[in-house]
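Work through the exercises below with the sequence and the structure side by side, and try each task before you read its solution.

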Amino acid sequence: MSELLTTISLMFIITGPFLLIGNRFDLPTVPFLIIAGIVAGFVIDENLALELARYGIALLVFMFGIRIDLTNARPILRDSEVAAIGQILVVGGLGIGVGILFGIPLAEAVYLGIAVAFSSTIVGTALLQTEIRQELVRGRLAETIHFIQDLVAIVILLVLGAETLTADPIATQLGYGVVLFALAFLLDRYLLDVVGRLADDSDELMIIGIISLLVLFVAAATLAGVSIVVGAFAAGLAIRYNPVEHPGLFNGLVSIRDFFLAIFFVTVGALVVVPFVELGVAASVEKLLLVVGLVILTAVIKPVVTTAILIKSGYEARTSTLTSLSSDQISEFALIIAIEALLLEMLTQNVFDAIILAAAVTMITSSLTQQYNERIYRAVSSWITFEGTHAKIDERSSVPERPTEHVIIVGYGRKGQLLVDACENSDLPYVVIDNDPARLDSISSACDAYVFGDAMEMYTWDKANVEAATLVVSTVNSTPVSNRLLSFDFEADLILHTDDAAEGVTFFERGALYVSVSDVLAGEELAQQLRRLFDDGLSPEQLREERIAELNTYVAVVKDRDSGIVDVSQ
C-alpha cells in the first residue's frame, strides 16, 4: 500500500508543472496529463502502474454507471444500438485484419479489433458534458452508444475471466455477472432513498454509504473471480441518482471523478513504452507502423463509419458528424481487457504496448477534435455533400401548415414552456424548435407546431418557415447557437439568451432585438416582455433601447468601469 501511495504522490508531483503550462496557455488538460504520465513512466514500476490503471478504470466506470440515465434516451435507443454494434462489427473486423497483416496471430489480433472498435466512455462523456447538460441529441446519442458498447465489453471481460473457451467456465462467469447486475437493478429501485433517509440527507454520509456499496460490489466480484471493473460498473448502476435532487452528493462525486480521471490519464501515459528510447530502431519502426494503423482506424475510420450509420438512420449531417467525433479514441474497457489478457499471458507485451501507445495518442487527439469539432464539421461539409439526411427531422416534427407571422421558440425548457403559454394566451401562432430526445413526448403532446431538429442547421429553420416569422426567441444558453442565429441574418427580429452580460451587449451590437441574461431576467419576465411587444403595442425599437440601458447599467455594476464596454445605446 505504501508503494502505491508513493507512486500516486510521484505522479502528481510530476504532473503539476505540466498542468500549470496547459492552464497558462488555456490548452486542453488531457494531452498534458498523458505527457506527464510518459515522463512519470521512467520512474514508476510497471506493475504498480497496471494496478493503478485497473482500480482507476474501475472507479471511473463506477462514476459513469451512476450518471447513466436511459430514460432520457429512449427515442434514440434503437439508433444508438445500430451505431454501437456497427462500430464493433465494421471497425473491429478491420482491426483484426490489420493485426493479421502485421503477422500477429489471430488470438492476439482479436484484442486489436477490440481496441479500435470500442469508444471510451471516460473520455467521451468527460469531453461531452456540455452537450449532455444542454440536452443536445448528439450528447444523448454518444452517451447511449458508449453505454451499449460498455455492456458488450462487460460480456467480453466475463468470458475472459473464464480463462478458457470451454462452455462451463464461461457460463459460470456470465452467471456471476447476471447476479451482480440483477442485484444492481433491485438496489437501483430502492437504495438511494433508503440511504438518504438513514443519512438524514447528509451529503457526506450519503457519499460514504455509496463508496461502501462500491467496495462491497468490488469485493463480491473479486470473490466470484470476476473483474473488479464489472463489479464497479454494476455498483454504479445500483445507485443512479438525480443531480437536481442531490446537488451536494453530485458535487462530491464529481470531485472524486475528477481526481481519478487525472490518475487515469497519467497512468495511461506511464504505461507507454517510448519508441527509440526504450526500444531499438527496428522494433520501434515496426511498433510505430502498427500504432499508426490502429490510430487511423480509431480516429478516422471509426468516426466515418459512425457518421455513415447515423446519416443512414436519418440524422442530419452535423449531428452525425459531431456524435461520431466523440468515438475517436480507444476505450478504457479495451485497456482493461488488454491488461487482464496480459496478466493471463493471453497477450504478448509487444501487442499490449502497441494498444497502450495507440490509446494515448487517440485520447490526446480526441481532446483536440472535441475542442475544434465545429471547425472539423465545416471543413468536411465544405467538400462533401451529404444527401438525404433530414429524415429524423421530418419524422419527428409536426408543422401542420406553413405558418406565417409566427413566433419561433428555440428550446422547450422552463423558459420555452412559459413562452409557449404566453403565445397561446395571446393567440399568437408559434413553432417550437428543440433537439432533446427526452422532451419529444412532452413537446408533441403540448405544442401545436414543433420541429425536432438542430438549431444550427438551416433545414430546421426552413421547416419552421423562418422567412415568414416575425420573431425568433432563443432560450438556449449557448454561444455557438447564438452566433449561428446571428449569422443567418433573418428578417425576423431575434431575441437571444446568455449568462454573460458583456456578451449580451455584444449580441446587441451585432443586431439582436433583445438579450435575456440569466442573472438579470427570469423566464416569467421574458414572457411578460413578449406580451408587451405583441399585446401592449410596445415597438421593437423601444424594447431594444430599454434592454440596452438595463444591460449597460448591469455591466457597469458588476465590472470595472474602465473595462472598455461600449454603451451601444449611443
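**Exercise 1. List the buried residues of helix α11 and state how many of its residues they make up.**

Solution. Begin with the term: a residue is buried when its relative accessible area is under 20%, exposed when that area is over 50%, and partly exposed in between, with a 1.4 Å probe and protein chains only. The buried residues of α11 are I228, V229, V230, G231, A232, F233, A234, A235, G236, L237 and A238. Eleven of the eleven residues of α11 are therefore buried, and the helix is mostly covered. In the protein, which has 570 residues, buried residues make up 53%.

The model is predicted, with residues numbered from 1 along each chain as its sequence is written, and local features need pLDDT of at least 70, side-chain atom pairs count only at pLDDT 80 or more, while totals for chains, interfaces and linings use all residues. Side-chain values use heavy atoms, with hydrogens and water left out.

**Exercise 2. Describe the second largest pocket by its volume and its lining.**

Solution. A pocket is found on a 1 Å grid over the protein atoms alone, as an open set of points where a 1.4 Å probe fits, with protein on both sides within 12 Å along at least five of seven lines, and its lining residues have an atom within 4 Å of a point. The volume, which is the space filled by probe spheres set on grid points joined across faces, edges and corners, is about 450 Å³ for the second largest pocket. Of the 20 residues that line this pocket, L4, Y55, G56, L59 and F260 are the closest to its centre. Next, sort the lining by helix, where helices are DSSP runs of H or I with at least four residues, numbered from the N terminus: α1, α3, α10, α11 and α12 each supply at least two residues, and α3 gives the most, with six. Finally, sort by character: 17 lining residues are nonpolar (Ala, Val, Leu, Ile, Met, Phe, Trp, Tyr, Cys or Pro), one is charged (Asp, Glu, Lys or Arg), and two are polar (the others, Gly among them).

**Exercise 3. Which helices hold D79 and K392, the two residues of a salt bridge?**

Solution. A salt bridge is a side-chain nitrogen of Lys or Arg within 4 Å of a carboxyl oxygen of Asp or Glu, and a search of the whole structure finds twelve. D79 and K392 form one of them, with their closest N and O atoms 3.3 Å apart. D79 is in helix α4 (residues 77–101) and K392 in helix α18, so that the pair, 313 residues apart, links distant parts of the chain. D79 is buried, with a relative accessible area of 10%, and for K392, also buried, the value is 10%.

**Exercise 4. What surrounds the buried residues E108 and K302?**

Solution. E108, in helix α5 (residues 106–117), is buried yet has no salt bridge, and the nearest side chain of opposite charge (Lys and Arg count as positive, Asp and Glu as negative, His and the chain ends are not counted), K287, is 11 Å away. Leaving out residues up to four places away in sequence, E108 touches M346, L347, T348 and V351, where contact means heavy atoms within 4.5 Å. K302 lies in helix α13 (residues 281–312) and is buried, with a relative accessible area of 0%. With residues up to four places away again left out, K302 touches Q87, V91, V116, A117, F118, S119, L297, S327 and Q329.
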